[in-house]
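Thanks for making the time this morning. I would like to walk through one model with you, beginning with the overall fold and ending at a single side chain.

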Amino acid sequence: MFFKLPWFGKKSKETYHDTQVLELDFIVDEFHDAMSDIKDPVRTRLQASLMMCESPKDLWFLRSKLFALISKHHCESIAHTRVARLDQKLRFLVDHHPDYSPDELPTGPMALVH
């Protein structure tokens, strides 16, 4: 008589290969959402830069421009909230995507980036 106890089985690692959250476009959409209520020529230039991004590292370095744009039109607390949400999704992408490494993103406080 054999029992199959749940704590003796192999734990399967979660896979996110088929989900939208592992697409670079998902992060680009978050950029667009963060600046959707702002009408400024800088927004147009930032959108053009977003179209040229090919890796999470490229997106990481646009964060400071996004932060400055949001701070200019709102306040710093709103900018911190929106960029923090973006950072969380960007970190999730590099942690779980098979083609990207967490080492691709610089570490350190946001203040050193801009």
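Before I place anything, a word on terms: the helices I name are DSSP runs of at least four residues, numbered from the N terminus. Please also keep in mind throughout that this is a predicted model.

Let me start with the chain as a whole. The protein chain has four helices and zero strands, so that, by the DSSP assignment of helices and strands, its elements read α-α-α-α from the N terminus on. Of its 114 residues, 34% count as buried, and the chain exposes about 8,000 Å², of which carbon and sulfur atoms supply 56%. If we take the contacts with a separation of 6 or more, residues 24 or more positions apart account for 64% of them.

Turning to the helices themselves, which residues of helix H1, residues 24-34, are buried? They are Leu24, Phe26, Ile27, Val28, Glu30, Phe31 and Ala34, and the buried residues of H1 pack against helix H2 (41-52), helix H3 (56-73) and H4.

The next pair is H3 and H4, whose axes lie 9 Å apart and which pack at an angle of about 170°. Because angles over 145 degrees count as roughly antiparallel, H3 is described as roughly antiparallel to H4. On the H3 side the contact is made by residues including Pro56, Trp60, Arg63 and Phe67, and on the H4 side by residues among them Leu86, Leu90, Arg91 and Val94.

Two remarks on the aromatic side chains belong here. The structure holds zero aromatic pairs, but tryptophan 60 does have a charged partner, since arginine 63 lies over the face of its ring, at 3.9 Å from the ring centre.

That brings me to leucine 105, which is placed in the segment after helix H4, residues 76-96. Is leucine 105 buried or exposed? Its relative accessible area is 4%, and because buried means under 20%, leucine 105 counts as buried.

As for what surrounds it, leaving aside residues up to four places away in sequence, leucine 105 touches Pro56, Lys57, Trp60, Leu90, Arg91 and Val94. With lysine 57, the separation is 48 residues in sequence, while the C-alpha to C-alpha distance is 5.6 Å. Pro56, Trp60, Leu90, Arg91 and Val94 also take part in the contact between H3 and H4, and that is the picture of leucine 105 I wanted to leave with you.

Terms used
Residues are numbered from 1 along each chain as its sequence is written. This is a predicted model: local features need pLDDT of at least 70, side-chain atom pairs count only at pLDDT 80 or more; totals for chains, interfaces and linings use all residues. Side-chain values use heavy atoms; hydrogens and water are left out. Helices (H or I, at least four residues) and strands (E, at least two) are DSSP runs, numbered from the N terminus. Buried means under 20% relative accessible area, exposed over 50%, partly exposed in between (1.4 Å probe, protein chains only). Contact means heavy atoms within 4.5 Å. Rings of Phe, Tyr and Trp (its six-membered ring) pair if their centres lie within 6.5 Å; planes under 30 degrees apart count as stacked, over 60 as edge-to-face and the rest as tilted. A charge sits over a ring if NZ of Lys or CZ of Arg is within 6 Å of the ring centre and within 35 degrees of the ring normal. Accessible areas come from the Shrake-Rupley method with a 1.4 Å probe; for residues, only the protein chains shown count as cover. Axes are lines fitted to C-alpha atoms, for helices over the stretch in contact, and angles run from 0 to 180 degrees between N-to-C directions. Angles under 35 degrees count as roughly parallel, over 145 as roughly antiparallel, 65 to 115 as roughly perpendicular and the rest as oblique.
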